[in-house]
Amino acid sequence: MDEQKAGDDLGLYLTLVNDSDTPQKLDGVSTVHAERVVYRASPGAPQQAVNVTIPARTTLSLQEGQNRPHLELLDIHRPLGATPIDVTFRLSTGTITLRIPVLPLSRGAGSSTPTASPS
């Protein structure tokens with residue numbers, strides 16, 4: 001976090017919970033703090049458009065770790081420091097904007113809970 005600079009790519013780690021009886025699709029993620037958000041099936045995998053299905057009554061982890069799928073913020077516009085950022089998620093049921101904490105990697109992913117932002 002202390003070495004962030006404009007143009008860097010940063011991991012976006014989260015857990016998606018689908019408590020409905022039907023699969024849900026996450027087909028877009030955006031933030032004003034980066035040029036775009038992409039999906040990677042594993043750390044070395046090619047960048048892909050966000051297109052993730054969350055099966056019914058399932059929790060899907062997109063977290064840091066060896067060979068784990070995750071999202072990445074590409075080409076951040078400025079260092080984000082420790083300031084929470086708003087990220088918008090487009091799901092098959094609608095969109096939601098969450099305020100996501102920016103944490104140093106040493107704290108580990110999942111150390112804090114995001115909150116919904118007023119839309």
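**A three-stranded sheet and a nonpolar core**

In this predicted model, three strands form an open sheet in the order E1-E7-E4, with antiparallel pairing; strands (E) are DSSP runs of at least two residues, numbered from the N terminus, and two of them pair if DSSP finds at least two bridges between them. Strand E1 (10-12) and strand E4 (34-40) are the edge strands, each pairing on one side only. E1 and E7 are joined in the antiparallel sense over three bridges, and Leu 10 has Leu 73 in E7 as its bridge partner.

Residues are numbered from 1 along each chain as its sequence is written, and side-chain values use heavy atoms, without hydrogens and water. Local features need pLDDT of at least 70 and side-chain atom pairs count only at pLDDT 80 or more, whereas totals for chains, interfaces and linings use all residues.

The largest nonpolar core (buried Ala, Val, Leu, Ile, Met, Phe, Trp, Tyr and Cys residues joined through side-chain atoms within 4.5 Å) has 23 residues, and Leu 73 and Phe 89 are among those with the most contacts inside it. Several strands each supply at least two residues of this core, including E1, E4 and E7. Among the residues that Phe 89 touches (heavy atoms within 4.5 Å), not counting those up to four places away in sequence, are Leu 14, Leu 26 and Leu 71.

Gln 63 lies in the loop between strand E6 (58-62) and strand E7 (70-76). Gln 63 is buried, with a relative accessible area of 12%, where buried means under 20% with a 1.4 Å probe and protein chains only. The side chain of Gln 63 reaches the backbone oxygen of Leu 14 at 3.2 Å, a polar contact being a pair of N or O atoms within 3.5 Å; within protein, one must be able to donate a hydrogen and the other to accept it, and residues adjacent in sequence count only if both atoms are side-chain atoms.

Key. Helices (H or I, at least four residues) and strands (E, at least two) are DSSP runs, numbered from the N terminus. Buried means under 20% relative accessible area, exposed over 50%, partly exposed in between (1.4 Å probe, protein chains only).
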